[in-house]
Amino acid sequence: MPAEIVQLHSENAIADISARIIDGLNRPAGQKELPTMLLYDERGLRLYDDITTQAPEYYLFGAEEEILKNKADEIVQAMHHGEGQVLGDEVVLELGAGALRKTSHILLGLSRLVPDASTHAPITYYALDLEKREIERTLGDIATSNIGDSLRGRVETKGMCGTYDDGLKFVMDGGLTANNSPFPITVPFTRPGLGDMSPISSGRTSISSFTDSEPSAISSPDEAQPPLHILFLGSSLGNFSREGAVDFLRSLPLRAGSGDTLLIGMDHDNDKTVIEQAYNDPQGHTKQFIMNGLRAAGRALGNEHMFDENKWEYVNRYNPEQRQALYQCMEPVIHTHIVFIGQHEAYFKSKCAQKVQNPATKEEVTFLKEETVKIEESFKFSERDAFSLFIGSNLRPIQRWTDNAQRYSLWLLERPPVSFPLLKQATKTYTPFGVPTIEDWNQLWSVWDCITLQMIPPSMLFQKPIDLRHICLFYLGHIPAFLDIHLSRLLGEPHTEPEEFKYIFERGIDPNVDDPTAHSEVPQKDEDWPTLASILKFQTRVRARLSNLYTDINSNKVALTRKIGRVLFMTFEHEAMHAETLLYMLLQRAGTGTLPPPGFTIPPWTCLAATWDAAPQPKSKTVTLGPTEISIGHNDQEGDDLTTNVRGHEFGWDNEHGKRVVQVGEFSIEWRPVTNGEFFEFYTGAGKNKVRTLYGPIPLKIAQHWPVITSYNDLSTYATVKGGRIPTEPELRVFNEMFDSGYDGGANIGFRNWHPIPATTGGERSAGKGSNGGVWEWTSTVFDNYDGFVPSHLYPGYSKDFFDGAHQVVLGGSYATIPRIAQRKTFRNWYQRNYPYPWVGARVAYDLK
């Protein structure tokens, strides 16, 4: 029985391709181009199949097939949260399916998730491609093979004939739902964040409707629609322009928190010779494939012999230095600041001066001798390129697989409910560390609401996950109260009602491990605390107050002075830091109270551990640095805050002020922080511990490569026994400036994950740049006064209250640190050296004799 194929080609498809051909040919010499789509007609698809089977130089196909052949079961497990449970009526849609040789491994993996065949297969696979007869042939070959026997009753195979846009429109219009209702999706997003996960959002209980009784439950995303899994293999994304790739990925109908996934293949920024041979094999298979594009172009205009192929030749080139030129000329745009390192280009080159006539209009197109016409471009992706692309597209990696030669990757991605955009490039009039925008606040509020309203069950509101700190409910009131207090001081206005909240919530506990009783007074009985509903109403009013201030600034009703900017900066980063504090408190009850992060795929731990175990290690344990000098701090005088010169000004906390140069001697330092496996083998013997995560405890074996999180005292002892020490603040800054990959390079910050991951610094690619795994890092530098330190007037006790000799400087950021803080090189954090709860690790440094 022939496979069911949905015909999606729009009536204007032929006219559209013809118009694009004519437009491309009518451009000036040196700028002419033809649509890449022409290469993939029925004959072109078969010629491409010849490349994949007979041209070993074309490594992309073989590398991707190797991954799928060896890891298909892992991949489909990860697509299903590592649980291997098929919910029923799941849809797998492959964009540009081709011959299905690689896809068959995924289909078989999916079939193995379904224990028993049934008359109604729980998974439906759609192959989307341009040529109906090719779809019929490939699906027919699958059905009549042994693969088809394995799929029967488990995975039903169907086809879609049309372009990417046709297929995605069909999905969005409800073509995959039983009643053809529109696909319930909210992308493309107006901002890269959660939307509202608070009760303010539509479809949920409104704060304004709360009474003084507590909400009985916190609503969750609609799970009625079965998951959609999109496959986009073959590094086809490389055929898009830079901006087009971002727009395309943002347009995919992937719903946050629904189980929807995207499996995408991406070629690496490999050696120039390797890439050029891959696209121009000695046997001539690629040449045949490309030259067929001329015949397809002529056919689309009415005469497939319009171009005399004897007068044309195929040429290709790879531009590995494309990154440098593009990076310098791009404007710093927040969502599309994406730069790819290399670009392969395929051209037709005219062997002679000639004219070609359009059979429909009789108009002639003139070509000069050796003039080129571009037919295809394929971008290659470095680590930084891939992660930047995902951030700009509002996608989050769940897992990644690479081939044995490390030349190609398959990424499994999802649409996260919480994300942060790339930081803009600094200019003379702009810094990403200036006054936060109202959009920045909305993103931060999304994170705060996610944590406070969906990860803390009602039973935990009056509990202390860490005895040294307040109950959970306190922090829900502290954040808006702190903001409101500083807005009132700034504007000379009354406090937001109820005014008594400022007395209850003004200051949290600054934990003193040696004297746990040292903290501010708060209600001692549960019944004496304000209700959750009243706190949320207060929060809403304070947020509205802040929004009104931004409106007044934007309308010039209020002049933006540096003092106003400082208050906005200070209260913004205060909330961001408290989000992290609250999370490391909640970590103590993960699995016994704290709810896991909503809307994120539960990590497929076993699959991830296999990938982490196989990851290459640095060739050497350490790197030697120095002697050198390092600049610490910046100039940010609070005394200049009356000026309206705010644009381009970088704000910081009082302990960041005062730019100074420090000399650093020669030292060696380990490429990666101390891991759980190393630390627990040293202290207790391997295999006896579990590691806390926000998803609950996991075996040490899974997290053995993560950086260990523990106190300075413990890690200092470890380093000493190993013959080393904890690095100083200047030493760690030298290392980070050279080797930290940054948020756009894959650093595990900004809620990219909700757990640490193995460090990647010291690898062969990217000159050793990488991530430390998503933790702050201890330094041996005591947090103390220094020459030029001036305490903040707005927040006098922020730093100086901790100049007690008991706190160590920590640098960097954890997986829950927002990029604005983690990427500001002047930012300094600190913790008591015997405080074990915050997410801080360390690497070992060594003195050189």
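In the predicted model, R255 is located in the loop that connects helix 8 (242–251) with strand 6 (261–267). The relative accessible area of R255 is 9%, and R255 therefore counts as buried. A polar atom of the R255 side chain lies 2.9 Å from the backbone oxygen of P226.

A second loop position, G84, lies between helix 3 (59–79) and strand 2 (90–95). G84 has a relative accessibility of 17% and is classed as buried, because the cut-off for that class is under 20%. When neighbours within four places in sequence are left aside, G84 is in contact with Q77 and L113. The C-alpha atom of G84 is 9.1 Å from that of L110, a residue 26 positions away along the chain.

For the chain as a whole, 24 helices and 24 strands were assigned. The chain has 849 residues, of which 58% count as buried. Among contacts with a separation of 6 or more, 81% are made by residues 24 or more positions apart. The exposed area amounts to about 34,900 Å², with 49% of it supplied by carbon and sulfur atoms.

In soluble globular proteins, nonpolar side chains tend to be buried together. The largest nonpolar core of this chain contains 117 residues, and the members that touch the most others are I451, L583, W754 and W778. Helix 17 (residues 562–586) is the main contributor to this core, giving 14 residues. Another core, of 71 residues, lies apart from the largest one and includes L34, L47, A78 and Y279.

One sheet of the chain is open and consists of four strands in the order 22-21-20-23, with mixed pairing. Strand 22 (829–832) and strand 23 (840–841) form the edges; each has a single partner strand, so one side of each has no neighbour in the sheet. Strands of a sheet pair through backbone hydrogen bonds, either parallel or antiparallel. Strand 20 (residues 776–782) and strand 21 (residues 807–812) run antiparallel and are joined by four bridges. Within this sheet, E777 is placed opposite L811 of strand 21.

Two helices lie across strands of this sheet. Helix 21 (residues 712–721) lies across strand 20, strand 21 and strand 23, with its axis at about 80 degrees to strand 20. Helix 22 (residues 729–739) lies across strand 20 and strand 21, and runs at about 145 degrees to strand 20.

Elsewhere in the chain, strand 9 (residues 354–357) presents Q354 and V356 on a covered face, whereas K355 and Q357 are on the uncovered face. Strand 9 is joined to strand 10 (residues 364–367) by four bridges, and the two strands run antiparallel. Q354, on the covered face of strand 9, has F367 of strand 10 as its bridge partner. The hairpin formed by strand 9 and strand 10 has six residues between the strands, and K362 adopts a positive phi near 65 degrees in this hairpin.

Notes. Residues are numbered from 1 along each chain as its sequence is written. This is a predicted model: local features need pLDDT of at least 70, side-chain atom pairs count only at pLDDT 80 or more; totals for chains, interfaces and linings use all residues. Side-chain values use heavy atoms; hydrogens and water are left out. Buried means under 20% relative accessible area, exposed over 50%, partly exposed in between (1.4 Å probe, protein chains only). Contact means heavy atoms within 4.5 Å. Accessible areas come from the Shrake-Rupley method with a 1.4 Å probe; for residues, only the protein chains shown count as cover. Two strands pair if DSSP finds at least two bridges between them. Axes are lines fitted to C-alpha atoms, for helices over the stretch in contact, and angles run from 0 to 180 degrees between N-to-C directions. A polar contact is a pair of N or O atoms within 3.5 Å; within protein, one must be able to donate a hydrogen and the other to accept it, and residues adjacent in sequence count only if both atoms are side-chain atoms. A nonpolar core is a set of buried Ala, Val, Leu, Ile, Met, Phe, Trp, Tyr and Cys residues joined through side-chain atoms within 4.5 Å.
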